[in-house]
Amino acid sequence: MSNDEIFAAAYREHYWAVSRYVARRLDGRTDEVEEVVAEVFTVAWRRRADLPATPLPWLYGVARNCLANAVRGYGRRRRLVDRLGNDETARGRQIVDSPDAETPGAWVHEALARLSAKDQEVLRLTAWEELGVDDLAVALGCGTRAASMRLHRARRRLRAEIDRIRPTTASKERSHG
Amino acid sequence: MADELELLRRANPVPVDGPHFGDGPLDHHAERQLNRLMGQRTSRRPRLAWGLAATAVVAAIVSALLFTGQTTAPALAAPRPLVVRADSTSVPLKTLAERAQAVDGVPGLRRGTHVQSWSLGMSDDKPPITLPEERVVRWNADGSHSELVVATDPRHPGRPVLSGDGELVDDGQVLSRQTYPPSWSDAPPQSPPPSEPARLRAYLREATYTRTELNTGELLDAVEVLLDHWTLGDRQSAALARVLADAEGLRPVGQVTDRLGRRGQAYVYDRSGTRTMLIMDPATGAVLGLETTFTRAESEYGVKAGDVMSYSAWMR
């Protein structure tokens, strides 16, 4: 198969997996997913000669960069503005104690959000994209050992954050029986 | 209690078997994009590409700064916020919009932009730094366009400025020079902005991928997107002034001299934690600049109340 044909096959096979990857990182802004995914495959098309035999982790790597480009310059300031603007909502969320009022796993997300961006990504790739260490290394653009080390550390830090916010969550679990 | 990865797995916001983005055949949009890619064979881009390419320059600069590992104290003083002249009178936006309406329709709309900007690069673990740069985007008759980004701070001509790698470079150093192949996009903000207020309002909504009516904060963000793509003619400027005049919460505060030395009328809009100042030409109603400052300290980001978060001054 030519590079073009390999690209088309990878596109058909992985379009939705890449969409999910992007959607998971856009915090519910689903209307932007399509645009970012289009950019991911445009970049992948330009670099189609580099497409590895197992393309998905590599596509995740491309997607990670596209997302960073899409949100960083404009987005980081934007997120801060959003956060500033949503103070009242955020405060409200902290005092709400009813599990029904929160989306499932909201507190896990909260624990995750307290970690560095790098830690978050290695954890998401493992838990949500279900990558093994070898694929993780491809997606992160590092060696297998480094990937493994990063995952190990990130897990430890996530555990610590979960333990830190556990008092509230433990009581919720009890109330559920 | 389950282990941390298991907990995280259960909190997957978009699971494979969820209602959206599940595996299956491509939808119409995805199929069309594949056809476009396969059909072009040369390096044409989809409509988002050049907008992203433009932000990529800034993103590259910011990321370089964030990940250089230096404990960079700001090498240059961050710009001070614009000061409203104490003795000046403020002109209501509606008056300015009426003035803009009366301006003759010359000069006309031009694709591309010329903007001087100062933007704060913020990091979780390093002090913020301000990057001053000038960007010129010019479109050619064949649909291609070029973008030139130069490190410069017009307030200090000839003095070195902070650049992409977090180091000082000579004033005027080219940070990037790129030419992009023809683009065929016809969606906002690549399509020409209309000169009728209601249609312009819809255009701005589409340009920022917003489905509902824009609030004033979103509108000001959309203005930035628009002016980063187009140099407005008097008719579009008049329409924009009208749209802005209809927005809630923009208060006239008086006259300022912007960082390029131009006199303008200032209107401020307060959000929680930030204030955006819109600067408009008092004679023509054209938007000259937008400045966003912090109104309270954000220690996590190392910023103080009064720090300038971003500032763009557009030129012809």
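In the predicted model, the largest nonpolar core comprises 51 residues, of which A:Val22, A:Val40, A:Ala63 and A:Leu136 touch the most other members. At least two residues of this core are supplied by each of α1 (3-24), α2 (33-46), α3 (55-71), α6 (106-113), α7 (117-127), α8 and α9 (144-176) of chain A, and by α1 (4-10) of chain B. The largest share, nine residues, comes from α1(A). Domain 1 (1-85) and domain 2 (98-177) of chain A each contribute at least three residues to this core. Beyond the residues up to four places away in sequence, A:Val22 touches A:Val33, A:Val36, A:Val37, A:Ala63 and A:Leu67. Another core lies apart from the largest one; this core has 44 residues, including B:Leu120, B:Leu290, B:Phe294 and B:Ala313. In soluble globular proteins, nonpolar side chains tend to be buried together.

Helix α8(A), one of the elements that supply the largest core, is largely enclosed by the rest of the structure, because six of its eight residues are buried. The buried positions are A:Asp135, A:Leu136, A:Ala137, A:Val138, A:Ala139 and A:Leu140. A:Leu136 is also among the residues that touch the most other members of the largest core. The helix spans residues 133-140 and includes A:Ala137. With 21 other C-beta atoms within 10 Å, A:Ala137 meets the cut-off of 20 or more and is therefore classed as buried. When neighbours within four places in sequence are left aside, the contacts of A:Ala137 are A:Cys142, A:Gly143, A:Thr144 and A:Ala147. A:Ser148 is 11 residues from A:Ala137 in sequence, and the C-alpha to C-alpha distance between these two residues is 8.1 Å. After α8(A) comes A:Gly141, which has a positive phi near 70°.

Helix packing was also examined in chain B. Two packed helices are described by the angle between their axes and the distance between the axes. For helix α5 (residues 197-207) and helix α7 (residues 234-245) of chain B, the axes come within 9 Å and cross at roughly 80°. The crossing angle falls in the range of 65 to 115 degrees, so α5(B) is roughly perpendicular to α7(B). On the α5(B) side the contact is made by B:Pro197, B:Leu200 and B:Arg201, and on the α7(B) side by B:Ala239, B:Leu240, B:Arg242 and B:Val243. By class, five of the residues in this contact are nonpolar and two are charged, with no polar residues.

Definitions and conventions. Residues numbered from 1 in each chain as written. Chains lettered and ligands numbered in written order. Axes fitted to C-alpha atoms, helices over the stretch in contact; angles between N-to-C directions. Helix = DSSP H or I, 4+ residues; strand = E, 2+ residues; numbered from the N terminus. Parallel < 35°, antiparallel > 145°, perpendicular 65-115°, else oblique. Contact = placed C-beta atoms within 7 Å. Nonpolar A, V, L, I, M, F, W, Y, C, P; charged D, E, K, R; others polar. Buried ≥ 20, exposed ≤ 12 C-beta atoms within 10 Å, placed from the backbone. Core = buried A, V, L, I, M, F, W, Y, C linked by C-beta atoms within 7 Å. Domains from an automatic or database assignment.
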